[in-house]
Amino acid sequence: DARRVYATEDQNLEIYYELEVGGVTYKLGDIAALEADEQPETVKVKLTVNDPDAGDTIAKIQIIGEGARVVHEIPVNDSYWKGEFELPNSEGFYYVKVVEADGAIAVTAPVWTKEAIPVTADLETSASVAAQGEEETVIATLTNGSESETLFFHGYKVEAEGRVLAE
């Protein structure tokens, strides 16, 4: 399936991730299509992480929810980890982030459990019509709709007539 992927900075790190929701097991990238009244109180994470390279160590495994919030963290300090555990069903999706001792990371596609709360952006300008050569102020307001206070902003780019004016 097209959504069953993960990205990694370690070319041979292996991640097997499933999430049991309401007695049904979903693989990474799946969508658990449950109505609001069918949502269970907990979800069960089923996870195996392996780095076959001699000397490579998995430092920690994190389960990430909405707003890039770490909902569970497992210290590993080994090249292999396998286990199952339950979490409160509080997020619209869950994905796995693996952090190796050398700083390399890997992240999986999420398993969607319900509708996620989006981050929204509103733009305001100082002029109703932009005029060439006139200064204009643009204000961007980003709103994190989840309970998390964390919102990651990775940069901006201003272009005009094919030229980059600011980054």
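**Exercises around strand 9**

In this predicted model, Gly-103 adopts a positive phi near 95° in the hairpin of strand 8 and strand 9, where four residues lie between the strands. Let's work outward from there.

**Exercise 1.** Find which strands pair with strand 9, and in what sense.

*Solution.* Start with strand 8 (residues 93–100): three bridges join it to strand 9, and the two run antiparallel. Here Lys-97 stands opposite Val-107 of strand 9. Next take strand 1 (residues 6–8), which also pairs with strand 9 in the antiparallel sense, over three bridges. On this side, Thr-8 has Ala-106 as its bridge partner.

**Exercise 2.** Place Ile-105: to which face does its side chain point, and what is it in contact with?

*Solution.* First, locate Ile-105 in strand 9 (residues 105–108). Side chains alternate along this strand: Ala-106 and Thr-108 point to one face and are buried, while Ile-105 and Val-107 point to the other and are not. Then check the accessibility: the relative accessible area of Ile-105 is 32%, so it is partly exposed. Finally, list contacts beyond four places in sequence: Ala-7, Thr-8 and Glu-9, along with Lys-97, Val-98 and Val-99. Glu-9 is 96 residues away in sequence, yet its C-alpha is 5.8 Å from that of Ile-105.

**Exercise 3.** Classify the aromatic pair of Trp-81 and Phe-85, and decide whether each residue is buried or exposed.

*Solution.* The model has three aromatic pairs. In the one formed by Trp-81 and Phe-85, the centres are 6.3 Å apart and the planes meet at 65°, making it edge-to-face. Now apply the burial cut-off of under 20%. Trp-81 has 19% relative accessibility, so it counts as buried. Phe-85, at 14%, therefore counts as buried too.

Definitions and conventions: Residues are numbered from 1 along each chain as its sequence is written. This is a predicted model: local features need pLDDT of at least 70, side-chain atom pairs count only at pLDDT 80 or more; totals for chains, interfaces and linings use all residues. Side-chain values use heavy atoms; hydrogens and water are left out. Buried means under 20% relative accessible area, exposed over 50%, partly exposed in between (1.4 Å probe, protein chains only). Contact means heavy atoms within 4.5 Å. Rings of Phe, Tyr and Trp (its six-membered ring) pair if their centres lie within 6.5 Å; planes under 30 degrees apart count as stacked, over 60 as edge-to-face and the rest as tilted. Two strands pair if DSSP finds at least two bridges between them.
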